[in-house]
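Colleague: Got a minute? I'd like to walk through this model with you.
Modeller: Sure, let's pull it up.

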Amino acid sequence: HSLNCKVMSVNAAVCSLASALFLILATFAEAKDQVIDWRFGMERGDTQFDILQCQSVTFDWSSGDGKAAHDVWEFNSEAAYDACDFSQATKLTDPTATGKHVITGSKTLAVTKRWFGCRVGAHCSAGNMKVAVKTRPLLADKFFESECVGGTPLLAKKEDDIVACRKRCKRRRDCNGLEYNTDEDKNCNFFAVAPERRPGNSNPNAQCEIAVTTCSAAGSPVPAPPAAATGTTVPCDIEMRVRCKLVRGTTVTNIDCGDIPMVGSCKVKVRYLYFVHTLKPGSTSLQRLSRTRAGAAAPEKNLLISKDGTSSQGKIVSDWLLNTWEEEEVDICKTATYDTKLRLITKKASTGQVCKESQRYQFSTDASNAPATGADAPKCDVSLDLECIACISLSGCGGTDCNFYKDAKPCTRPIRYKYSFSNNNDSFITVLKVGRERTGESEFLFGGQNYIMPKGSVQTYGED
């Protein structure tokens with residue numbers, strides 16, 4: 001939004017002040033189970049919906065909209081989607097006056113982008129009945145101080161930190177894992193096919209994050225640890241993992257522990273699920289499994305005690321075993337990192353040998369897990385407004401329009417600029433930066449942190 005404010009003096013000299021207000025924000029396009037209101041003239045038609053792997057998409061026209069019928073087809077390309085060309089599309093439903101079509105989580109494992117439309121009449125072209133659905137990677141397995149091995153390398157980029165590396169992975173249509181190196185090179189390596197954690201590896205400068213390769217609760221299989229050298233302690237044959245879910249009332253959704261999304265308020269409820277896995281079923285019994293987390297309501301907790309009070313101590317581990325889960329309220333507005341360390345003590349059934357192992361998980365809150373720019377960015381629905389107010393003095397500005405000074409002396413006068421922007425979306429947005437440009441000069445009025453704007457809210461800044 002631009003405004004030209006002219007202040008005229010008696011000798012007709014013109015002082016031209018031009019200001020432009022611009023806004024950089026991240027909208028959420030929250031990755032979640034999506035329900036699409038499938039109707040003629042739909043408000044969110046021709047837009048992108050984001051999901052994580054294993055989340056579902058529902059096309060819902062169960063209430064009808066007065067039209068004869070609707071169906072759902074999947075386009076084979078973005079070009080066909082843009083042109084509403086169904087010649088190579090795949091039919092998912094027959095036309096019905098009311099109905100639903102659900103793409104279940106088991107059918108959204110592939111990290112990709114898909115396009116859908118209604119073929120009835122001109123519903124696609126004239127009724128806006130078409131949407132894109134992007135499946136983003138659920139980087140559920142995060143291994144600190146570990147390298148990745150295997151997989152199919154995709155590309156490498158330099159990023160300032162792991163959050164930037166993770167966001168770049170999620171913006172792509174083909175990223176199924178990453179390895180970030182925290183040394184001076186700061187290389188971020190991406191994988192088209194999910195890698196594995198390098199077994200027995202400890203590298204303090206590396207971090208390996210892997211997208212899920214199955215939609216089961218426990219997740220992907222893990223590689224076996226290396227055999228111990230002669231004279232050394234036999235390595236543990238147990239793997240520990242954590243899964244996260246977002247809890248909103250009765251709705252529970254899989255999320256990435258490293259990118260806990262904001263859902264309209266600073267505090268969100270996260271459910272942590274703890275798994276252990278043995279590579280030799282029947283050979284190992286659990287003696288202790290505990291977690292410590294700074295800032296938690298219970299800083300240290302014995303995970304072998306379930307919510308009903310029963311204990312799994314001494315239990316023989318077979319395949320994957322879910323020991324317990326807990327819920328915690330996470331303050332997403334703070335940039336704090338929710339560091340969790342798991343400590344495991346096991347005993348080998350055959351030899352009685354005690355084995356100890358620990359694993360550190362870093363659950364960070366990343367408010368910017370949706371891209372703010374680029375071809376995949378969601379459409380913004382934000383109003384910008386700029387007012388120019390004439391002032392008698394900077395301490396006594398009133399509500400007078402800048403034209404108040406027209407044909408008046410002196411030519412130099414105090415001016416107050418009032419910048420306003422409002423969130424017209426049906427959900428919250430996160431403002432990253434607000435800036436203005438004037439006669440070749442640029443300045444950020446606000447930045448350096450994420451600011452949450454609830455739906456329908458207005459924010460105002462002033463500059464004298």
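Modeller: Let's begin with strand β17. Both of its faces are covered. Ala206, Cys208 and Ile210 are buried on one side, and Gln207 and Glu209 are buried on the other. Keep in mind that this is a predicted model.

Colleague: Why do the residues split between two sides like that?
Modeller: In a regular strand, side chains alternate between the two faces of the sheet.

Colleague: How many residues of β17 are buried?
Modeller: Five of its five. The strand covers residues 206-210.

Colleague: Which strands pair with β17?
Modeller: Strand β11, residues 141-144, pairs with β17 in the antiparallel sense over four bridges. Strand β14, residues 177-181, also runs antiparallel to β17, and five bridges join them.

Colleague: What stands opposite Glu209?
Modeller: Lys142 does. Leu178 stands opposite Glu209 too.

Colleague: New topic. What about helix α2: which of its residues are buried?
Modeller: Ile162, Cys165, Arg166, Cys169 and Lys170. The helix spans residues 162-171. Those buried residues cover an arc of only 135° around the axis, so they sit on the same side of α2.

Colleague: And what happens at the start of α2?
Modeller: A side-chain oxygen of Asp161 comes to within 3.2 Å of the backbone nitrogen of Val163.

Colleague: Back to strands. What is the order in the open sheet of three strands?
Modeller: The order is β3-β5-β8, with mixed pairing. The edge strands are β3 (34-37) and β8 (100-103), and each pairs on one side only. On average, neighbouring strands here are turned by 15° against each other, direction ignored.

Colleague: How do β5 and β8 run, parallel or antiparallel?
Modeller: Antiparallel, with four bridges joining them. Phe59 stands opposite His101 in β8.

Colleague: Now the inside. Which residues touch the most other members of the largest nonpolar core?
Modeller: Ile260, Val270, Tyr272, Val276 and Leu289, out of 21 residues in that core. The elements giving two or more residues to this core are β18 (238-248), β20 (267-278), β21 (284-293) and β24 (337-348). A second, separate core has 15 residues, including Met42, Phe49, Val131 and Val133.

Colleague: Last one. Why does Thr135 count as buried?
Modeller: Because its relative accessibility is 2%, and buried means under 20%.

Colleague: Where is Thr135 found, and what does Thr135 touch?
Modeller: Thr135 is in strand β10, residues 130-136. Leaving out residues up to four places away in sequence, Thr135 touches Ile51, Leu52, Gln53, Thr108, Ala110, Val111 and Thr112.

Conventions. Residues are numbered from 1 along each chain as its sequence is written. This is a predicted model: local features need pLDDT of at least 70, side-chain atom pairs count only at pLDDT 80 or more; totals for chains, interfaces and linings use all residues. Side-chain values use heavy atoms; hydrogens and water are left out. Buried means under 20% relative accessible area, exposed over 50%, partly exposed in between (1.4 Å probe, protein chains only). The arc is that of the directions from the helix axis to the C-beta atoms. A polar contact is a pair of N or O atoms within 3.5 Å; within protein, one must be able to donate a hydrogen and the other to accept it, and residues adjacent in sequence count only if both atoms are side-chain atoms. Two strands pair if DSSP finds at least two bridges between them. Axes are lines fitted to C-alpha atoms, for helices over the stretch in contact, and angles run from 0 to 180 degrees between N-to-C directions. A nonpolar core is a set of buried Ala, Val, Leu, Ile, Met, Phe, Trp, Tyr and Cys residues joined through side-chain atoms within 4.5 Å. Contact means heavy atoms within 4.5 Å.
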